[in-house]
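The following exercises are to be worked with the sequence and the coordinates at hand. Each task is followed by a solution in steps.

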Amino acid sequence: MKKTAFLLLLIFLGSVLLQLVLPWWSVVPLCLALAAWRGPTGGQAFLAGLLGVGLSWWLPAAWLNTHGANLLAARVATLLPLAGQPWLLVLLSGVLAGLAGGLAALSGALLRRAAEPRNALPAA
Amino acid sequence: MLRFLPGTLVLLVTLTLTWVLNTKQGDVPPVARLLSPYRGFWQNGEAPTDFPEQQTLHLPGLQQPVRVRFDNRRVPHIFAQNDHDLYYAQGYLTARDRLWQMEFMTRVAAGRISEVVGPRALEYDRFQRRMGLPYGAENSLRAMLKNDTTRLVLESYSAGVNAYISSLSPREYPFEYKLLDYAPEPWQPLKCALLLKLMAWDLSGRSDDLRLSNILSKYGPKVTQDLFPDYPFREDPIVPVGTPLDFKPLPVPATPPSFTAALSDKVPQREPDAELGSNNFAVAGSRSASGLPLLANDPHLQLNLPSIWYQVQLHAPGQNVYGVTIPGAPAVIIGFNEQVAWGVTNVGGDVLDWYQLKFRDNTKREYWHDGRWKPVRRVVERIVVRGLPDRLDTVLYTHHGPVVYDHDEKPFNPQTPTQHAMRWTAHEGADEVLAFVKLNHARNYQDYDRALRTYASPAQNFIFASNQNDIAIRPNGRYPLKWPEQGKFILDGTDARADWQGWIPMTQTPRVQNPARGFVSSANQHSAGPDYPYYIGWDYAPWDRGHRINQQLAKMRRATADTLRELQNDNLGINAQTMLPWMLDNTLGNRLAIIKNPAALLSPAEKDALAVLGRWDYHYTTDAVAATIFELWYQELMKRLWEDDFGKAATGLEMRYPSRDRTNRLLLEQAATSPWIDDRRTPLRENGNNLLTTSLQFAVDSLTRKFGPLGPKWGWANQKSTDINHLAQLPGFGHQDIVCAGSPGTVNATGPRNGPSWRMVVALGPQVKAYGIFPGGQSGNPASRYYDDMLESWRVGKLDELVFLRAADENHPRLQAAWRLEK
């Protein structure tokens with residue numbers, strides 16, 4: 001649990017920093033590398049990636065939604081269509097990025113395990 | 001190695017997902033890039049701190065500091081110390097609010113939409129290029145750059161726009177760039193010319209030559225002259241009949257032997273948009289409370305967001321002008337300064353003609369003209385298509401102009417005939433920008449007179465008023481010098497006598513200054529009466545709005561700005577007033593027909609509808625049920641009257657209906673005897689009563705199906721349903737079903753999609769006072785509350801007082817921010 005939380009925190013902080021200067025997809029190699037380095041189970045990796053990257057979007061999106069972007073978010077939420085609900089759009093934004101992050105972390109974890117010399121690995 | 005399989009598979013899924021979320025898929029935007037809070041649309045929000053009350057912006061290219069004040073509608077009031085800086089700042093600040101719109105519209109004009117949206121815009125792009133919009137823009141640009149003033153204005157404005165574009169990082173691109181996934185490109189003076197050509201297309205790009213030629217072939221000259229006369233039965237022309245000429249007219253070219261164009265039925269029909277029109281009117285001091293003139297203007301265009309117009313005040317040595325501009329074009333188009341005010345409405349003159357060509361052979365390299373074969377010029381258009389290789393399209397040009405369609409293929413715009421060359425005033429180079437720059441500087445009638453001389457296309461009714469108590473109006477533009485009816489039908493492209501032979505001199509366009517009646521006005525009706533010596537066109541907007549305006553102006557005594565505002569919002573339907581009493585009499589009165597044909601007895605619902613109509617005061621108010629019934633009834637009546645004779649389904653030919661004016665005359669005066677009343681498709685011989693009854697039944701039935709039994713739901717605003725849509729038709733970015741009064745035929749010409757795109761009233765005086773509103777806002781950013789903050793005032797017919805400053809440091813309670821722009 002602690003291990004997952006630490007990985008999550010790393011992913012979250014790394015994602016925020018990277019996305020300040022790089023495109024959003026920089027979170028994919030980041031999650032992959034961090035998961036491969038830390039060596040969690042598949043489930044832990046996915047969860048840390050999903051929430052770590054997700055939070056890196058949920059928090060700023062929620063902040064912007066209450067600081068000037070609400071009107072536009074409502075319009076975009078009508079366009080997509082998400083019934084014109086800005087908060088649904090905040091949720092969806094983070095889920096999409098989180099999914100990419102989670103899958104990237106999962107693949108990192110799985111590849112690390114495949115590369116490890118020991119054959120017998122505990123199940124995730 | 002099998003143990004690497006799960007990881008590799010998940011990695012593949014991850015990369016695929018990442019690619020999908022990062023890439024535009026057809027019309028679906030790159031979702032993750034759009035939704036990213038770091039670079040996506042969330043960054044386009046507008047918090048109060050994003051618009052500081054005070055700041056200094058450093059802009060390369062400025063020569064001296066520029067001061068800008070913003071009022072509570074976000075209108076920039078620009079105070080520059082020279083013309084270069086003035087137009088530079090105008091370009092910069094307009095781009096700051098409207099970059100996407102102005103760039104997108106130039107792409108629309110240039111036929112470059114496929115670059116952004118891919119192959120589905122290809123036919124549209126081809127059409128724009130084949131109609132020669134970019135060709136006309138280049139001709140105009142050449143003419144404009146020859147003039148030192150225009151060159152300075154265009155180049156400074158472009159530099160200002162580019163200063164804004166180059167200050168942007170992708171994170172700061174306007175929302176629509178992120179949605180459509182492309183980037184702004186550098187601005188050029190050509191783009192300003194393209195925007196003017198787009199206006200010319202909207203306002204003068206319609207023609208019925210093909211339809212009239214088909215009618216002439218089918219029914220002969222007598223019927224054509226009778227049903228499609230050159231001057232309407234009821235008319236109230238802009239320059240009043242009897243206005244003395246202050247010039248000696250040129251001889252007009254002789255009418256060549258009549259030419260019968262080949263029948264053409266290759267194109268389906270699309271009626272020209274009758275709603276695009278405008279009003280302007282001015283009263284002399286003799287009719288105003290102040291003793292000085294008042295002027296009003298409201299151009300009716302398709303209503304979109306971001307708004308068509310952008311308000312600005314421009315102040316520099318030698319000028320202090322306020323008004324609306326077209327984002328992407330410098331100077332004020334409709335506005336006022338301390339001495340004068342002016343406005344425009346469209347002239348319905350015939351400035352676009354078609355010539356039937358005779359090619360030597362199928363290679364189409366030579367065409368017959370003036371007794372010999374002449375070479376066809378071939379221009380290759382390269383159309384960049386997103387996601388596909390470039391498309392090359394060869395357009396043929398004769399000396400007339402482009403051959404818009406050179407194969408028997410399905411044309412994009414159904415009104416365009418095949419195998420014909422097009423001659424159009426918008427293809428000619430002219431310096432319209434200079435005309436507006438001069439109007440911005442004008443101090444009196446003489447300046448107005450001089451300013452209009454370089455204005456060619458689209459021809460406009462320029463109305464004018466000054467604080468020296470002058471009022472005037474001129475249907476002004478470059479008109480070909482034509483023989484009567486030249487270009488009403490398709491012309492013979494082999495005959496040199498059918499070419500345009502020159503121009504009506506700019507000093508001889510229709511005009512009137514300070515008429516005895518104490519007012520001038522226009523609402524797109526005929527420019528002048530039959531006593532004007534030149535033929536300009538035959539098909540203008542119906543007289544309704546113009547007539548109502550003149551009726552009301554003639555009653556005005558001690559008028560104020562509010563009197564003119566009320567007239568702009570006048571909802572009386574002249575057509576209903578003219579026709580409804582007759583329609584009611586002849587539906588109720590003809591008992592004989594009902595006895596003969598009991599099926600024609602009216603149902604209770606139809607009787608109720610007639611009762612509602614009988615009580616109507618002809619005002620198109622939001623809750624007027626009668627307006628809804630009348631409009632549908634009248635429209636159906638027209639259709640039942642003409643469909644069998646001029647409809648495509650019945651005749652197999654592309655034709656058009658006679659005008660409303662001619663139809664009304666037929667119904668009111670000739671219904672008993674006219675052979676056109678009978679429906680040729682039935683063995684029965686129909687009379688006017690049958691048409692009226694069946695049309696009424698149709699109207700009541702369809703309204704009952706749409707809204708339920710007769711009741712408040714049938715109210716006019718509900719039926720009309722005015723929508724203002726985003727330029728890219730994005731759901732959620734416009735306003736639907738706006739409850740507002742008026743109809744296309746009333747002075748308040750608010751229709752389903754078109755309407756007053758700017759309402760302005762100016763009271764001239766020692767201290768000019770002006771009022772204005774448009775249905776939207778100054779900002780083009782859909783995140784901003786200034787995107788549509790003026791809509792509600794517009795809806796209810798109110799105007800804002802416009803903040804007009806004399807100096808940069810003047811105090812005004814509505815000023816909110818003061819910026820400084822410097823090097």
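The expected span of a helix is 1.5 Å times one less than its number of residues. The model is a predicted one.

**Exercise 1.** Determine how the end-to-end distance of α3(B) stands against the value for a straight helix, and locate any kink.

Solution.
Step 1. Helix α3(B) contains 28 residues, for which a straight helix would reach 40 Å at 1.5 Å a residue.
Step 2. The end C-alpha atoms of α3(B) are only 29 Å apart, which is short of that value.
Step 3. A kink of about 95° is found in α3(B), centred on Arg98(B).
Step 4. As for its surroundings, 27 of the 28 residues of α3(B) are buried.
Step 5. Just after the helix, Gly111(B) adopts a positive phi of about 70°.

**Exercise 2.** Apply the same span test to α18(B), residues 625-646.

Solution.
Step 1. With 22 residues, α18(B) is expected to span 32 Å at 1.5 Å a residue.
Step 2. From its first C-alpha to its last, α18(B) reaches 31 Å, close to the expected value.
Step 3. A bend of about 30° is nevertheless present in α18(B), at Arg640(B).

**Exercise 3.** Describe the fold of chain A and examine its annotated transmembrane regions.

Solution.
Step 1. Chain A has five helices and zero strands, in the order α-α-α-α-α along the sequence.
Step 2. Its C-alpha atoms fill a box of roughly 55 × 25 × 25 Å along the principal axes.
Step 3. Of the 124 residues of chain A, 53% count as buried.
Step 4. Among contacts in chain A with a separation of 6 or more, 74% join residues 24 or more positions apart.
Step 5. An unreviewed UniProt entry lists residues 43-66 and 87-111 of chain A under "transmembrane region".
Step 6. In the model, residues 43-66 of chain A are 96% helix and 0% strand, with end C-alpha atoms 33 Å apart.
Step 7. Residues 87-111 of chain A are 100% helix and 0% strand, and here the end C-alpha atoms lie 36 Å apart.

**Exercise 4.** Characterise the side of chain B that touches chain A.

Solution.
Step 1. The contact involves 34 residues from chain B and 31 residues from chain A.
Step 2. On the chain B side, the elements giving two or more residues are α1 (4-22) and α2 (31-35).
Step 3. The largest share, 11 residues, is supplied by α1(B).
Step 4. By residue class, the chain B side divides into 21 nonpolar, eight polar and five charged residues.

**Exercise 5.** Identify the best-connected members of the largest nonpolar core, and the contacts of Val762(B).

Solution.
Step 1. This core has 170 residues, and those touching the most other members are Ile78(B), Ala89(B), Leu195(B), Ala282(B), Leu294(B), Phe464(B) and Val762(B).
Step 2. Helix α3 of chain B gives the largest share of the core, 15 residues.
Step 3. Beyond its neighbours within four places in sequence, Val762(B) contacts residues including Leu294(B), Phe336(B) and Ala770(B).
Step 4. A second, separate core of 56 residues includes Leu89(A) and Leu111(A) together with Val31(B) and Leu34(B).

**Exercise 6.** Explain why Gln513(B) is classed as partly exposed.

Solution.
Step 1. Gln513(B) is located in strand β21 of chain B.
Step 2. A residue is buried if 20 or more other C-beta atoms lie within 10 Å of its own, and exposed if 12 or fewer do.
Step 3. Gln513(B) has 16 other C-beta atoms within 10 Å and is therefore partly exposed.
Step 4. Apart from neighbours within four places in sequence, Gln513(B) contacts Tyr445(B), Asp470(B) and Ala472(B).

Key: Residues numbered from 1 in each chain as written. Chains lettered and ligands numbered in written order. Predicted model: local features only at pLDDT ≥ 70, side-chain atom pairs only at ≥ 80, totals over all residues. UniProt positions renumbered as here; feature names shortened; annotations may be inferred. Helix = DSSP H or I, 4+ residues; strand = E, 2+ residues; numbered from the N terminus. Contact = placed C-beta atoms within 7 Å. Nonpolar A, V, L, I, M, F, W, Y, C, P; charged D, E, K, R; others polar. Core = buried A, V, L, I, M, F, W, Y, C linked by C-beta atoms within 7 Å. Bend = angle between axes of the 7 residues up to and from the residue.
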